[in-house]
Amino acid sequence: MNRRRSRLPSLLAGGALAIVILCVGIWLGGHSSVLPEPIRSAFVGDDQARLMQEALDVIDAAYYREVDRDKLLDEGIAGAVSSLDDRFSHYFDPRTYERFKHVTNPSFSGIGVTVQGDPKGLRIAQVLDDSPAQRAGLRKGDRIVAVGRRTLAGHPSSYAVGLIKGAPGTRVELTFERDGRRFVKTLERAEIREPVVDERMVRTRSGRFGHVAYTSFTTESSEQVRNAVERLLARGADGIVLDLRGNGGGLLTEAVDVASIFIPDGTIVSTDGRARDRHVYTASGGAIDPDVPVVALVDHDTASAAEIVAGALQDRGRARVVGTRTYGKGVFQEVRELSNGGALDITVGQYFLPSGRNIGGRGVGPGRGIQPDVRAADDPRTRRDEALDAALRALAAEAR
(Lines give C-alpha, C1' and ligand atoms only; values in the text may rest on other atoms or scores of the structure.)
Protein backbone atom coordinates (compact mmCIF):
# COMPACT_ATOMS: atom_id res chain seq x y z
CA MET A 1 0.00 0.00 0.00
CA ASN A 2 1.23 3.54 -0.79
CA ARG A 3 2.48 5.02 2.50
CA ARG A 4 1.45 8.61 1.62
CA ARG A 5 -2.04 7.50 0.60
CA SER A 6 -2.58 5.65 3.87
CA ARG A 7 -1.48 8.53 6.09
CA LEU A 8 -4.71 10.56 6.08
CA PRO A 9 -7.07 7.67 6.95
CA SER A 10 -4.71 6.70 9.77
CA LEU A 11 -4.81 10.22 11.17
CA LEU A 12 -8.60 10.33 10.88
CA ALA A 13 -8.89 6.99 12.61
CA GLY A 14 -6.62 8.22 15.41
CA GLY A 15 -8.74 11.33 15.80
CA ALA A 16 -11.94 9.29 15.93
CA LEU A 17 -10.46 7.03 18.59
CA ALA A 18 -9.41 10.06 20.63
CA ILE A 19 -13.00 11.35 20.51
CA VAL A 20 -14.34 7.95 21.56
CA ILE A 21 -11.98 7.73 24.52
CA LEU A 22 -12.76 11.31 25.50
CA CYS A 23 -16.49 10.59 25.43
CA VAL A 24 -16.09 7.50 27.53
CA GLY A 25 -13.86 9.29 29.99
CA ILE A 26 -16.61 11.85 30.40
CA TRP A 27 -19.27 9.16 30.70
CA LEU A 28 -17.24 7.33 33.32
CA GLY A 29 -16.97 10.53 35.29
CA GLY A 30 -20.72 10.42 35.81
CA HIS A 31 -20.92 6.66 36.24
CA SER A 32 -17.77 5.96 38.23
CA SER A 33 -19.45 3.22 40.27
CA VAL A 34 -18.91 0.78 37.39
CA LEU A 35 -15.17 0.93 38.03
CA PRO A 36 -13.20 -0.76 40.81
CA GLU A 37 -11.43 1.49 43.29
CA PRO A 38 -7.94 1.50 41.66
CA ILE A 39 -9.33 2.82 38.37
CA ARG A 40 -11.99 5.05 39.94
CA SER A 41 -9.46 6.83 42.16
CA ALA A 42 -7.04 7.33 39.28
CA PHE A 43 -9.48 8.85 36.81
CA VAL A 44 -12.51 10.29 38.57
CA GLY A 45 -12.76 12.96 41.24
CA ASP A 46 -16.09 13.67 42.92
CA ASP A 47 -15.84 17.38 42.07
CA GLN A 48 -15.41 16.59 38.38
CA ALA A 49 -18.29 14.16 37.98
CA ARG A 50 -20.98 16.78 37.36
CA LEU A 51 -18.89 18.62 34.77
CA MET A 52 -18.09 15.38 32.93
CA GLN A 53 -21.76 14.38 32.84
CA GLU A 54 -22.68 17.83 31.57
CA ALA A 55 -20.13 17.56 28.77
CA LEU A 56 -21.39 14.11 27.81
CA ASP A 57 -24.93 15.43 27.61
CA VAL A 58 -23.75 18.12 25.18
CA ILE A 59 -22.00 15.50 23.02
CA ASP A 60 -25.10 13.30 23.12
CA ALA A 61 -27.25 16.18 21.96
CA ALA A 62 -24.94 17.87 19.46
CA TYR A 63 -22.52 15.29 18.02
CA TYR A 64 -23.26 14.88 14.29
CA ARG A 65 -23.69 11.10 14.35
CA GLU A 66 -25.09 8.54 16.77
CA VAL A 67 -22.72 6.92 19.24
CA ASP A 68 -22.93 3.20 20.16
CA ARG A 69 -22.74 3.41 23.96
CA ASP A 70 -21.79 -0.24 24.47
CA LYS A 71 -18.86 0.04 22.10
CA LEU A 72 -18.00 3.42 23.56
CA LEU A 73 -17.85 1.91 27.02
CA ASP A 74 -15.66 -1.03 25.96
CA GLU A 75 -13.22 1.23 24.10
CA GLY A 76 -13.16 3.76 26.90
CA ILE A 77 -12.45 1.32 29.71
CA ALA A 78 -9.72 -0.30 27.61
CA GLY A 79 -8.25 3.14 26.97
CA ALA A 80 -8.40 4.05 30.66
CA VAL A 81 -6.56 0.87 31.64
CA SER A 82 -4.04 1.37 28.83
CA SER A 83 -3.24 4.85 30.12
CA LEU A 84 -2.09 3.32 33.42
CA ASP A 85 1.07 2.35 31.50
CA ASP A 86 0.96 -1.10 33.10
CA ARG A 87 1.63 -3.88 30.63
CA PHE A 88 0.03 -6.48 32.93
CA SER A 89 -3.34 -4.75 33.43
CA HIS A 90 -6.06 -5.37 30.86
CA TYR A 91 -9.77 -4.97 30.22
CA PHE A 92 -11.67 -7.97 28.87
CA ASP A 93 -14.94 -7.37 27.08
CA PRO A 94 -17.65 -9.95 27.93
CA ARG A 95 -16.80 -12.31 25.08
CA THR A 96 -13.05 -12.27 25.73
CA TYR A 97 -13.58 -12.72 29.47
CA GLU A 98 -15.50 -15.95 28.92
CA ARG A 99 -12.48 -17.33 27.09
CA PHE A 100 -10.01 -15.94 29.62
CA LYS A 101 -11.66 -17.92 32.44
CA HIS A 102 -10.46 -21.17 30.86
CA VAL A 103 -6.77 -20.21 30.56
CA THR A 104 -5.63 -21.92 33.80
CA ASN A 105 -7.55 -25.12 33.03
CA PRO A 106 -5.11 -27.84 31.88
CA SER A 107 -7.87 -29.59 29.91
CA PHE A 108 -9.14 -27.57 26.97
CA SER A 109 -10.05 -27.59 23.31
CA GLY A 110 -7.36 -26.06 21.16
CA ILE A 111 -4.48 -26.82 18.81
CA GLY A 112 -1.88 -28.34 21.16
CA VAL A 113 0.84 -25.76 21.78
CA THR A 114 2.31 -24.05 24.81
CA VAL A 115 3.10 -20.40 24.22
CA GLN A 116 4.88 -17.36 25.61
CA GLY A 117 3.80 -13.76 25.20
CA ASP A 118 5.49 -11.77 22.45
CA PRO A 119 5.12 -8.09 21.43
CA LYS A 120 3.66 -9.25 18.11
CA GLY A 121 1.45 -12.03 19.51
CA LEU A 122 2.43 -15.46 20.81
CA ARG A 123 5.68 -17.40 20.47
CA ILE A 124 5.35 -21.18 20.44
CA ALA A 125 7.38 -22.74 23.26
CA GLN A 126 6.33 -26.36 22.65
CA VAL A 127 4.26 -28.33 20.16
CA LEU A 128 2.49 -31.28 21.75
CA ASP A 129 2.78 -34.70 20.14
CA ASP A 130 -0.11 -35.89 17.96
CA SER A 131 -1.80 -32.50 18.12
CA PRO A 132 -3.45 -30.39 15.41
CA ALA A 133 -0.47 -28.02 15.58
CA GLN A 134 2.03 -30.81 15.02
CA ARG A 135 0.02 -32.20 12.10
CA ALA A 136 -0.12 -28.71 10.54
CA GLY A 137 3.66 -28.38 10.74
CA LEU A 138 3.92 -25.68 13.41
CA ARG A 139 7.27 -25.60 15.23
CA LYS A 140 8.83 -24.33 18.44
CA GLY A 141 9.86 -20.71 17.90
CA ASP A 142 7.11 -19.86 15.40
CA ARG A 143 5.40 -16.55 16.20
CA ILE A 144 1.60 -16.44 15.89
CA VAL A 145 0.66 -12.90 14.84
CA ALA A 146 -3.02 -13.19 13.91
CA VAL A 147 -6.04 -15.40 14.54
CA GLY A 148 -8.47 -15.10 11.66
CA ARG A 149 -8.61 -11.41 10.82
CA ARG A 150 -7.63 -10.29 14.32
CA THR A 151 -4.03 -9.19 14.76
CA LEU A 152 -2.52 -9.97 18.16
CA ALA A 153 0.01 -7.16 18.59
CA GLY A 154 -0.77 -5.01 21.60
CA HIS A 155 -3.10 -7.55 23.21
CA PRO A 156 -2.39 -9.65 26.33
CA SER A 157 -1.43 -13.28 25.73
CA SER A 158 -4.65 -14.41 27.45
CA TYR A 159 -6.65 -12.60 24.74
CA ALA A 160 -4.75 -14.43 22.01
CA VAL A 161 -5.06 -17.80 23.74
CA GLY A 162 -8.79 -17.22 24.11
CA LEU A 163 -9.13 -16.69 20.37
CA ILE A 164 -7.27 -19.90 19.56
CA LYS A 165 -9.31 -22.07 21.91
CA GLY A 166 -12.76 -23.23 20.83
CA ALA A 167 -15.13 -26.15 20.52
CA PRO A 168 -13.64 -29.46 19.27
CA GLY A 169 -14.09 -29.90 15.53
CA THR A 170 -14.26 -26.19 14.79
CA ARG A 171 -11.60 -24.52 12.65
CA VAL A 172 -9.25 -21.67 13.40
CA GLU A 173 -7.03 -19.79 10.96
CA LEU A 174 -3.57 -18.82 12.22
CA THR A 175 -1.06 -16.46 10.67
CA PHE A 176 2.46 -17.13 11.91
CA GLU A 177 6.00 -16.04 11.15
CA ARG A 178 9.09 -18.20 10.75
CA ASP A 179 12.55 -17.07 9.59
CA GLY A 180 11.18 -13.76 8.32
CA ARG A 181 8.42 -15.37 6.26
CA ARG A 182 4.68 -15.35 6.96
CA PHE A 183 2.42 -18.38 6.66
CA VAL A 184 -1.34 -18.98 7.02
CA LYS A 185 -2.72 -22.33 8.21
CA THR A 186 -6.23 -23.50 9.07
CA LEU A 187 -6.34 -26.03 11.91
CA GLU A 188 -9.18 -28.10 13.35
CA ARG A 189 -9.41 -27.80 17.11
CA ALA A 190 -9.37 -30.94 19.25
CA GLU A 191 -9.71 -31.83 22.93
CA ILE A 192 -6.28 -31.34 24.47
CA ARG A 193 -4.93 -32.17 27.88
CA GLU A 194 -1.73 -30.27 28.29
CA PRO A 195 0.97 -32.20 30.17
CA VAL A 196 2.46 -29.66 32.58
CA VAL A 197 4.97 -32.03 34.24
CA ASP A 198 7.46 -34.34 32.58
CA GLU A 199 9.90 -36.50 34.58
CA ARG A 200 12.90 -38.63 33.66
CA MET A 201 16.03 -40.08 35.23
CA VAL A 202 19.32 -38.81 33.83
CA ARG A 203 22.41 -40.95 34.36
CA THR A 204 25.82 -39.25 34.44
CA ARG A 205 29.29 -40.25 35.60
CA SER A 206 28.57 -38.47 38.86
CA GLY A 207 25.30 -40.26 39.62
CA ARG A 208 21.63 -40.52 38.76
CA PHE A 209 19.57 -37.34 38.86
CA GLY A 210 15.89 -36.63 38.44
CA HIS A 211 14.85 -34.07 35.82
CA VAL A 212 11.39 -32.57 36.38
CA ALA A 213 10.23 -30.19 33.62
CA TYR A 214 7.30 -28.03 34.75
CA THR A 215 5.59 -25.78 32.22
CA SER A 216 2.61 -24.06 33.88
CA PHE A 217 1.16 -23.44 37.36
CA THR A 218 -2.35 -24.66 36.55
CA THR A 219 -4.90 -25.99 39.00
CA GLU A 220 -3.57 -28.94 41.07
CA SER A 221 -0.33 -29.06 39.06
CA SER A 222 1.75 -28.82 42.26
CA GLU A 223 0.55 -32.31 43.16
CA GLN A 224 1.88 -33.57 39.81
CA VAL A 225 5.29 -32.04 40.61
CA ARG A 226 5.31 -33.60 44.07
CA ASN A 227 4.43 -37.04 42.69
CA ALA A 228 7.15 -36.79 40.03
CA VAL A 229 9.80 -35.79 42.58
CA GLU A 230 8.83 -38.57 44.98
CA ARG A 231 8.84 -41.20 42.23
CA LEU A 232 12.31 -40.18 41.10
CA LEU A 233 13.67 -40.24 44.65
CA ALA A 234 12.10 -43.68 45.20
CA ARG A 235 13.98 -44.88 42.11
CA GLY A 236 17.27 -43.73 43.61
CA ALA A 237 17.78 -40.20 42.27
CA ASP A 238 20.75 -38.47 43.93
CA GLY A 239 19.23 -35.02 43.38
CA ILE A 240 16.54 -33.09 41.50
CA VAL A 241 16.68 -30.55 38.66
CA LEU A 242 13.46 -28.51 38.70
CA ASP A 243 13.28 -27.19 35.13
CA LEU A 244 11.26 -23.95 35.00
CA ARG A 245 12.44 -22.78 31.58
CA GLY A 246 9.59 -21.36 29.53
CA ASN A 247 7.24 -21.46 32.52
CA GLY A 248 5.27 -18.23 32.40
CA GLY A 249 3.63 -18.75 35.79
CA GLY A 250 0.01 -19.15 36.81
CA LEU A 251 -1.65 -19.57 40.19
CA LEU A 252 0.09 -18.15 43.28
CA THR A 253 -1.24 -20.92 45.52
CA GLU A 254 0.34 -23.53 43.26
CA ALA A 255 3.67 -21.67 43.47
CA VAL A 256 3.57 -21.80 47.27
CA ASP A 257 2.77 -25.53 47.20
CA VAL A 258 5.57 -26.30 44.72
CA ALA A 259 8.13 -24.39 46.79
CA SER A 260 6.87 -26.29 49.85
CA ILE A 261 7.99 -29.57 48.26
CA PHE A 262 11.56 -28.45 48.93
CA ILE A 263 11.30 -25.85 51.73
CA PRO A 264 10.04 -27.31 55.03
CA ASP A 265 8.87 -24.13 56.78
CA GLY A 266 9.03 -20.36 56.85
CA THR A 267 8.36 -17.67 54.26
CA ILE A 268 7.90 -18.47 50.58
CA VAL A 269 6.63 -15.08 49.37
CA SER A 270 4.83 -12.02 50.67
CA THR A 271 2.44 -9.65 48.89
CA ASP A 272 1.53 -6.02 49.45
CA GLY A 273 -0.62 -3.43 47.70
CA ARG A 274 -2.09 0.03 48.15
CA ALA A 275 -5.60 -1.28 48.84
CA ARG A 276 -4.67 -4.50 50.66
CA ASP A 277 -2.77 -5.53 53.73
CA ARG A 278 0.58 -7.25 53.53
CA HIS A 279 0.23 -11.05 53.46
CA VAL A 280 2.95 -13.59 54.10
CA TYR A 281 2.67 -17.04 52.48
CA THR A 282 4.54 -19.74 54.35
CA ALA A 283 5.50 -23.30 53.48
CA SER A 284 2.55 -25.67 53.61
CA GLY A 285 4.49 -28.68 54.92
CA GLY A 286 5.48 -32.10 53.62
CA ALA A 287 8.90 -31.17 52.24
CA ILE A 288 11.33 -33.82 51.02
CA ASP A 289 14.56 -34.59 52.91
CA PRO A 290 16.53 -31.29 53.13
CA ASP A 291 19.74 -33.19 52.35
CA VAL A 292 18.53 -33.97 48.82
CA PRO A 293 20.36 -31.48 46.54
CA VAL A 294 18.16 -29.38 44.25
CA VAL A 295 18.88 -27.08 41.30
CA ALA A 296 16.35 -24.73 39.68
CA LEU A 297 16.89 -24.31 35.94
CA VAL A 298 15.56 -21.01 34.49
CA ASP A 299 15.66 -18.77 31.42
CA HIS A 300 14.30 -15.38 30.36
CA ASP A 301 10.83 -16.89 29.85
CA THR A 302 10.68 -18.02 33.49
CA ALA A 303 8.15 -15.58 34.94
CA SER A 304 5.69 -14.75 37.70
CA ALA A 305 4.83 -17.85 39.80
CA ALA A 306 7.88 -19.64 38.40
CA GLU A 307 10.07 -16.77 39.60
CA ILE A 308 8.48 -17.00 43.03
CA VAL A 309 9.55 -20.65 43.29
CA ALA A 310 13.06 -20.11 41.92
CA GLY A 311 13.54 -16.99 44.06
CA ALA A 312 12.32 -18.69 47.23
CA LEU A 313 14.65 -21.66 46.66
CA GLN A 314 17.54 -19.25 46.08
CA ASP A 315 16.79 -16.90 48.99
CA ARG A 316 16.26 -19.73 51.47
CA GLY A 317 19.51 -21.43 50.41
CA ARG A 318 17.65 -24.56 49.34
CA ALA A 319 18.78 -24.65 45.71
CA ARG A 320 21.22 -23.08 43.30
CA VAL A 321 19.69 -21.32 40.31
CA VAL A 322 21.21 -22.16 36.93
CA GLY A 323 20.43 -20.51 33.58
CA THR A 324 19.88 -16.94 32.43
CA ARG A 325 18.21 -13.91 34.02
CA THR A 326 14.48 -14.47 34.44
CA TYR A 327 11.65 -12.29 33.11
CA GLY A 328 11.23 -9.97 36.09
CA LYS A 329 7.50 -9.87 36.86
CA GLY A 330 7.23 -8.64 40.44
CA VAL A 331 3.56 -7.64 40.39
CA PHE A 332 0.36 -9.64 40.57
CA GLN A 333 -3.12 -9.13 39.20
CA GLU A 334 -6.66 -9.66 40.40
CA VAL A 335 -9.70 -10.18 38.20
CA ARG A 336 -12.63 -7.89 39.04
CA GLU A 337 -15.85 -8.76 37.22
CA LEU A 338 -17.94 -5.88 35.88
CA SER A 339 -21.70 -5.53 35.52
CA ASN A 340 -21.54 -5.79 31.70
CA GLY A 341 -20.12 -9.33 31.87
CA GLY A 342 -16.58 -8.18 31.22
CA ALA A 343 -13.76 -7.88 33.70
CA LEU A 344 -10.65 -5.97 34.66
CA ASP A 345 -7.50 -8.02 35.10
CA ILE A 346 -5.68 -5.33 37.02
CA THR A 347 -2.43 -5.11 38.94
CA VAL A 348 -3.26 -4.78 42.62
CA GLY A 349 0.07 -5.35 44.32
CA GLN A 350 3.66 -6.50 44.32
CA TYR A 351 5.20 -9.68 45.64
CA PHE A 352 8.42 -9.93 47.60
CA LEU A 353 10.77 -12.89 47.93
CA PRO A 354 11.88 -14.14 51.37
CA SER A 355 14.85 -11.73 51.42
CA GLY A 356 12.45 -8.83 50.85
CA ARG A 357 13.55 -8.17 47.28
CA ASN A 358 11.14 -7.43 44.45
CA ILE A 359 12.35 -8.50 41.03
CA GLY A 360 9.85 -6.60 38.87
CA GLY A 361 9.63 -3.24 37.14
CA ARG A 362 6.35 -2.24 38.85
CA GLY A 363 4.48 -3.29 35.69
CA VAL A 364 5.84 -0.37 33.70
CA GLY A 365 9.23 -1.60 32.49
CA PRO A 366 11.37 -4.73 32.51
CA GLY A 367 12.24 -5.96 35.96
CA ARG A 368 15.58 -7.08 37.32
CA GLY A 369 14.52 -10.71 37.37
CA ILE A 370 16.40 -13.43 39.23
CA GLN A 371 20.11 -13.54 38.55
CA PRO A 372 21.33 -17.15 38.32
CA ASP A 373 24.09 -18.50 40.55
CA VAL A 374 25.49 -20.30 37.50
CA ARG A 375 25.02 -18.73 34.07
CA ALA A 376 24.16 -21.18 31.28
CA ALA A 377 22.13 -21.09 28.08
CA ASP A 378 21.05 -23.70 25.59
CA ASP A 379 22.45 -23.39 22.08
CA PRO A 380 19.51 -23.96 19.68
CA ARG A 381 21.94 -24.92 16.90
CA THR A 382 23.01 -28.10 18.69
CA ARG A 383 21.15 -31.23 19.70
CA ARG A 384 22.58 -31.10 23.21
CA ASP A 385 20.88 -29.18 25.99
CA GLU A 386 23.84 -27.20 27.30
CA ALA A 387 21.84 -25.48 30.05
CA LEU A 388 20.61 -28.81 31.42
CA ASP A 389 24.18 -30.14 31.29
CA ALA A 390 25.29 -27.18 33.42
CA ALA A 391 22.45 -27.82 35.87
CA LEU A 392 23.49 -31.48 36.20
CA ARG A 393 27.10 -30.48 36.84
CA ALA A 394 25.97 -28.05 39.55
CA LEU A 395 23.76 -30.76 41.05
CA ALA A 396 26.63 -33.28 41.01
CA ALA A 397 28.85 -30.79 42.87
CA GLU A 398 26.15 -30.38 45.53
CA ALA A 399 25.69 -34.16 45.84
CA ARG A 400 29.37 -34.87 46.64
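# From a hairpin to the main core

Val172 stands opposite Leu187 in strand S8, where strands are DSSP runs of E with at least two residues, helices are DSSP runs of H or I with at least four, and both are numbered from the N terminus. The model is a predicted one, in which local features need pLDDT of at least 70 and side-chain atom pairs count only at pLDDT 80 or more, while totals for chains, interfaces and linings use all residues. Residues are numbered from 1 along each chain as its sequence is written, and side-chain values use heavy atoms, with hydrogens and water left out.

For the chain as a whole, the secondary structure consists of eleven helices and 19 strands. Of its 400 residues, 46% are buried, a term that means under 20% relative accessible area, with exposed meaning over 50% and partly exposed in between (1.4 Å probe, protein chains only). The accessible surface comes to about 20700 Å², and carbon and sulfur atoms hold 48% of it; these areas come from the Shrake-Rupley method with a 1.4 Å probe, and for residues only the protein chains shown count as cover. Among contacts (heavy atoms within 4.5 Å) with a separation of 6 or more, 66% join residues 24 or more positions apart.

The opening pair belongs to a hairpin. S7 and S8 (residues 181–188) pair in the antiparallel sense over eight bridges, two strands being counted as paired if DSSP finds at least two bridges between them. Two residues lie between the strands of this hairpin, and Asp179 is placed in that loop. Asp179 has a positive phi of about 50° although it is not a glycine, and at a relative accessible area of 76% it is exposed. A comparable backbone feature is found at Asp130, in the loop between strand S4 (121–127) and helix H6 (132–136): its phi is near 55°, a positive value in a residue other than glycine, and Asp130 counts as exposed because its relative accessibility is 62%.

What does the side chain of Glu177 do within S7? Glu177 lies in strand S7 (residues 171–178) and counts as buried because its relative accessibility is 14%. Its side chain makes one polar contact with the side chain of Lys120, at 3.0 Å, and another with the side chain of Arg182, at 2.7 Å; a polar contact is a pair of N or O atoms within 3.5 Å, of which, within protein, one must be able to donate a hydrogen and the other to accept it, and residues adjacent in sequence count only if both atoms are side-chain atoms. Beyond its neighbours within four places in sequence, Glu177 also touches Asp142, Arg143 and Val145, among others, and its C-alpha is 9.1 Å from that of Gly141, 36 residues away in sequence. The partner Arg182, found in S8, is exposed, with a relative accessible area of 54%. Not counting residues up to four places away in sequence, Arg182 touches Val145, Thr175, Phe176 and Glu177, and its C-alpha is separated by 9.5 Å from that of Ile144, 38 residues apart along the chain.

Further along the chain, six strands form an open sheet of mixed pairing in the order S10-S11-S12-S15-S16-S19. S10 and strand S19 (374–375) stand at its edges, each with a single partner strand, so one side of each is left without a neighbour in the sheet. S10 and S11 run antiparallel and are joined by eight bridges, with Val212 in S11 as the bridge partner of Glu199. H10 lies across S12, S15 and strand S16 (320–323), running at about 140° to S15, the angle being taken between N-to-C directions on a scale from 0 to 180 degrees, with axes fitted to C-alpha atoms and, for helices, over the stretch in contact.

Val212 also belongs to the largest nonpolar core, which has 42 residues; together with Tyr214, Phe217, Val225, Leu242, Phe262 and Ile268 it touches the most other members. Such a core is a set of buried Ala, Val, Leu, Ile, Met, Phe, Trp, Tyr and Cys residues joined through side-chain atoms within 4.5 Å. The elements that give two or more residues to this core include strand S10 (197–204), strand S11 (207–214), helix H8 (221–234) and strand S12 (240–243), while H10 provides the largest share, seven residues. Leu242, leaving aside neighbours within four places in sequence, is in contact with Val212, Tyr214, Val225, Phe262, Val309 and Leu313, among others. Apart from this core lies another, of 20 residues, including Ile124, Leu163, Val172 and Phe176. Leu163 is one of the buried residues of H7, a helix (residues 157–164) that is mostly covered, with seven of its eight residues buried.
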